[in-house]
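Please take a look at the structure shown here before reading on. The briefing then turns to its strands and helices.

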Amino acid sequence: MAKEYDLIVVGAGPAGLMAAKTAGENGLNVALIERKERITDINRACSMMLVSLAGKYLEERVILNVREKRLCFPWYGFSIPYEGPHQDFYTWVIYAHNGHKIQLGDYQTNVKKGEAGRATTVYNKEVLLKGLLKEINALKVDVFHPYNVVRTVKEGGKVRVVTREGTSFKGTFVIGADGRASRLASTLGLNRGRRFFGTAVTMGYEMVGVDPPEKYALFQIFLNEDPPMRIWMTPRTGKDEHFAMVTSLTSGIDSAAAFERFSKKGFFASWFRKAEKKRTLTSAGNMLSHIENPYKDQVILISDAVWCAEAEMTGAVISGWKAANAVTYALVEGKISREGVKSYLDWWRKEVIEKYNDQDMMRNVALPYVLTPDEIDFMFSLIKEPLPSIFDPYETPKLIAGALAEVMPIIAKERPAMFQKLSKMGSIPLRKVFEGCIRAGFPSRVLC
Ligand SMILES: Cc1cc2nc3c(=O)[nH]c(=O)nc-3n(C[C@H](O)[C@H](O)[C@H](O)COP(=O)(O)OP(=O)(O)OC[C@H]3O[C@@H](n4cnc5c(N)ncnc54)[C@H](O)[C@@H]3O)c2cc1C
């Protein structure tokens with residue numbers, strides 16, 4: 001007779017690996033199913049910034065313990081192995097297309113402070129996944145790959161996980177950690193009713209020889225493009241390496257051509273004179289509102305599968321840990337139900353839906369959809385002093401909004417039309433702000 005599992009985890013990204021590891025450590029019989037041939041390969045664009053050593057995310061301030069080679073989550077009370085390199089960076093610079101900027105933290109001052117001055121750090125995601133997998137392999141967790149999960153079926157008190165390859169697995173609970181385009185969210189009908197804001201598309205380049213004024217910084221650059229596009233550039237952990245990516249919320253745009261224009265002409269061209277592209281990584285994902293109730297038929301969905309944008313590696317491992325512990329309690333207490341995994345569902349509601357929901361996330365990226373590139377440039381020209389150095393998804397947008405509020409009187413006087421637009425920005429319905437992105441996107445497949 002085929003083995004029955006206490007828990008089947010679908011997807012071996014950071015969330016699924018952490019869920020399988022935690023459940024295995026708790027003594028559950030676990031199956032982990034992944035569709036990739038090589039589980040730890042990274043073949044999608046990712047900046048690999050750690051959120052966050054210098055701020056909080058989901059209440060946590062992560063600790064990088066280099067001596068013990070671990071990333072520690074003291075607020076939640078767990079740690080994960082990380083034997084890889086890291087590269088600190090010391091400021092976050094947000095540029096308009098022709099060079100005016102807002103800076104979070106003064107670079108030189110922060111470099112002098114060393115670790116105490118870092119905005120946060122970049123890590124190597126492949127090494128991180130390998131560390132989690134190594135710990136899983138030492139536990140009683142059966143890892144199955146490559147298997148592509150197509151659906152789950154509730155059968156009596158159990159769940160059957162069906163794969164495209166024709167194999168199926170039976171368990172009491174399933175944790176769905178199958179990422180941004182979650183098949184399980186779709187087949188369980190949990191995408192119904194989600195609001196759609198556009199399809200985020202990314203074209204990223206691993207590069208050597210980029211020469212920005214601040215070597216170890218996070219750069220966010222608004223391009224002079226219509227529809228709006230931004231560059232995000234971070235150091236990588238290797239010597240003289242950067243990762244530069246063009247992102248947009250409008251699918252169908254020519255990101256490669258935009259990157260050529262950005263890197264060959266204009267204010268930033270001198271940074272790229274000797275630069276060489278080593279590898280191209282892309283990604284595409286729909287921006288949908290969070291799934292508010294991520295449980296159905298003994299399946300709990302977690303992390304990017306239910307988020308509006310990305311949970312980040314940090315949010316992914318916290319979600320995996322929380323969900324696996326909730327399942328453990330449910331099994332011990334014999335509550336094979338929504339009630340049994342309530343601790344996870346309550347955490348999800350309190351920490352994400354109530355504190356950092358999709359409305360906040362999307363308002364934070366609305367600026368280039370409301371102002372023109374020249375207006376953004378004018379606004380940035382008015383903010384002369386560096387803002388406090390903080391890398392925190394909740395606090396950083398507030399700092400920037402505070403700085404903008406201070407220059408509003410000048411904008412009102414010198415650019416009344418722009419002032420009108422900014423004054424209305426907080427109250428225009430998001431559907432209106434992102435109407436071009438919504439029209440260009442392709443949500444129907446996931447929302448069915
Ligand atoms: C452009 C970009 C930049 C980013 N930058 C950062 C950053 O700087 N720092 C950071 O921490 N995070 C960053 N992220 C976010 C981060 O990559 C994700 O939030 C994180 O990986 C989510 O983890 P996850 O395990 O939920 O999903 P994923 O990492 O997507 O893992 C899902 C896994 O499920 C597997 N899977 C999917 N469908 C199936 C199926 N049907 N059957 C079996 N297996 C399946 C996939 O192959 C994959 O291995 C970035 C993301 C993007 C797109």
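Strand β14 and strand β17 (residues 241–248) pair in the antiparallel sense over eight bridges, where pairing requires that DSSP finds at least two bridges between two strands. The model is predicted, so local features need pLDDT of at least 70 and side-chain atom pairs count only at pLDDT 80 or more, while totals for chains, interfaces and linings use all residues. Residues are numbered from 1 along each chain as its sequence is written, and side-chain values use heavy atoms, with hydrogens and water left out.

**Strand β14 and its partners**

- In the pairing with β17, Glu206 stands opposite Phe243.
- β14 also pairs with strand β18 (residues 276–288), in the antiparallel sense over 12 bridges, and there Tyr205 stands opposite Thr280.
- Because 13 of the 13 residues of β14 (residues 196–208) are buried, this strand is largely enclosed by the rest of the structure; buried means under 20% relative accessible area with a 1.4 Å probe, protein chains only.

**Helix α6 and its neighbours**

- The axes of helix α1 (residues 14–25) and helix α6 (residues 312–332) come within 7 Å and cross at roughly 35°, with angles running from 0 to 180 degrees between N-to-C directions.
- Residues that make this contact (heavy atoms within 4.5 Å) include Met18 and Thr22 of α1 and Gly320 and Trp321 of α6.
- α6 and helix α7 (residues 342–353) pack at an angle of about 150°, with their axes 7 Å apart.
- Among the residues of that second contact are Lys322 of α6 and Trp347 of α7.

Key:
Helix = DSSP H or I, 4+ residues; strand = E, 2+ residues; numbered from the N terminus. Buried < 20%, exposed > 50% of the residue type's maximum accessible area, 1.4 Å probe, protein only.
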